[in-house]
Amino acid sequence: MKFKTRLLITSIAIVLVPLLLTSIAFIVVASHVENMENEVGILDRKNLARAYTIENYSQMTEEVLQEVKGQIEHDSVKLEDRNYLDEIGGELNDKFSYIIVRKADEVYYTGNDTDSQQIFDMLPEYGNELPDSETGLYYNDMKKLVKQLDFRFADGEDGSFFIVTSVRSLISKNALREMIFALILVLCLTSMVLTWWMQKGLFTPINQLNTAMQNIAEGNLEYMLTTEEKGEIGELYRNYEDMRLRLKESTDEKFEHEQKNRELVSNISHDLKTPITSIKGYVEGIMDGVADTPEKMDKYIRTIYDKANDMDRLINELTTYSGIDTNRIPYNFRRINVTDYFGDCVEEVGLDLESKNIELNYDALVEPSTQIIADPEQLKRVINNIISNSVKYMNKEKGVIDIRILDELDSIRVEIEDNGMGIAAKDLPNVFERFYRTDASRNSSKGGSGIGLSIVKKIIEDHGGYIWATSKENEGTCMHFVIRKYQAPQE
């Protein structure tokens with residue numbers, strides 16, 4: 001659920017839920033009061049005595065009534081003392097009650113002049129005192145509960161002591177208490193429910209995300225967070241998971257890249273060490289006078305030249321690899337004629353292969369006018385890398401390399417096939433990966449940096465083509481790559 005929706009529901013619930021539940025509570029309390037009043041009856045002493053709620057009100061003043069009753073039995077004259085009556089009236093003030101003392105048919109004392117005038121004429125006559133088991137006399141119209149004690153004044157006049165309790169006030173006070181309690185209860189329950197809801201839907205996920213981010217900060221990229229939630233929380237969880245996977249992938253790639261760079265440095269160092277050692281040896285031979293004939297001198301110098309070329313090739317591969325790694329290989333694309341271009345390449349490479357006793361065959365099975373869009377220099381690098389790889393792994397006394405240009409409708413396919421040692425089936429899918437080497441045992445004749453074919457793949461793909469290899473062990477390998485033809489725009 002979205003935060004906006006959650007907050008809206010919370011705001012509405014804070015207002016409506018307490019209002020609704022409090023209204024229900026008020027209705028219940030009002031109904032209770034109404035039922036209580038209906039149960040009492042009008043001046044029905046029998047029903048009045050059985051009214052449990054009225055009995056509760058009666059018990060509020062029962063202690064004062066018993067005190068006065070004891071005083072009457074001991075010395076009724078004290079009821080003529082107004083100070084004593086004021087003291088009794090003060091005890092009843094908090095109980096919504098007051099006293100009336102009647103002498104004959106006159107008011108001798110009252111704690112409430114206004115109220116007593118309304119009820120005085122309705123008070124029971126002398127001698128109508130209720131038994132001890134009775135609760136009192138209830139006046140339904142006036143909502144008054146009256147208790148009566150009869151006694152004699154010192155001059156022999158009839159006297160009656162009344163405790164008048166305002167049941168309406170008591171009911172209102174109790175109802176108010178119940179309503180306040182109900183309101184507090186409703187507010188507490190609403191607060192608890194909403195707090196739990198917000199805790200579950202908001203704070204708990206945030207704490208989980210905080211824990212997850214701490215794990216990420218500590219380098220633990222395996223800490224997963226999954227949820228079925230929708231809205232912002234679900235999006236946060238999914239964004240975290242995407243971030244974690246991207247970071248993990250980036251970290252793995254970085255680690256692999258660093259490992260391959262270390263391997264590259266090791267490979268290049270090894271491959272440079274071999275020609276440098278040879279160059280040093282031949283130079284020392286010249287300095288020591290070992291090459292004492294023109295033929296030996298020519299052989300030593302030619303060998304030094306070849307080894308220097310090997311070093312130059314390795315350095316060029318490293319430079320090209322650096323450009324590939326940063327996607328900054330310089331390209332100069334232009335239209336080139338397929339037949340003429342590959343013919344020149346074959347002628348240039350053929351002289352070198354002839355000196356190594358390798359036969360080079362070339363077949364161009366395309367229209368003489370076929371053109372492609374390519375960078376001549378980079379495409380020549382592709383051909384040279386593939387051929388040098390074939391030469392490196394040539395294990396036949398008489399080597400053969402075939403170059404074929406085939407027509408593929410809107411593309412050309414170039415095949416460079418040799419009769420060398422071939423590639424094992426398990427190694428074939430990986431030959432175009434950087435630093436991959438099929439020869440686990442490094443030796444001077446088949447070393448290499450392991451980046452030649454990865455450079456080839458990158459250049460062909462940058463030309464919009466694709467490349468693959470087929471091979472059989474001890475029979476040879478064929479490299480295939482496809483480049484789209486140039487299509488002249490129609491007028």
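This passage describes a five-stranded sheet, two helices that lie across it, and the surroundings of Ser390 in a predicted model.

The sheet is open and consists of five strands in the order β2-β1-β5-β4-β3, with antiparallel pairing. Strands β2 (106-110) and β3 (137-139) form its edges; each has a single partner strand, so one side of each is left without a neighbour in the sheet. On average, and with direction ignored, neighbouring strands are turned by 30° against each other. Strands of a sheet pair through backbone hydrogen bonds, in either a parallel or an antiparallel manner. In the case of β1 (residues 97-103) and β2, which run antiparallel, four bridges join the two strands. Within β1 and β2, Ile100 is found opposite Thr110, the latter belonging to β2.

Two helices were examined in relation to these strands. Helix α4 (residues 62-75) lies across β4 (144-152) and β5 (158-166), and runs at about 10° to β4. Helix α5 (residues 82-93) lies across β1, β2 and β5, and its direction is at about 150° to that of β1. Strand β5 is thus crossed by α4 and also by α5.

Ser390 was considered separately. This residue is located in helix α11, which spans residues 376-392. Ser390 has a relative accessibility of 6% and therefore counts as buried, the cut-off for this class being under 20%. When neighbours within four places in sequence are left aside, Ser390 is in contact with Ile401 and Asp418.

Note on methods:
Residues numbered from 1 in each chain as written. Predicted model: local features only at pLDDT ≥ 70, side-chain atom pairs only at ≥ 80, totals over all residues. Heavy atoms only, no water. Buried < 20%, exposed > 50% of the residue type's maximum accessible area, 1.4 Å probe, protein only. Contact = heavy atoms within 4.5 Å. Pairing = 2+ DSSP bridges. Axes fitted to C-alpha atoms, helices over the stretch in contact; angles between N-to-C directions.
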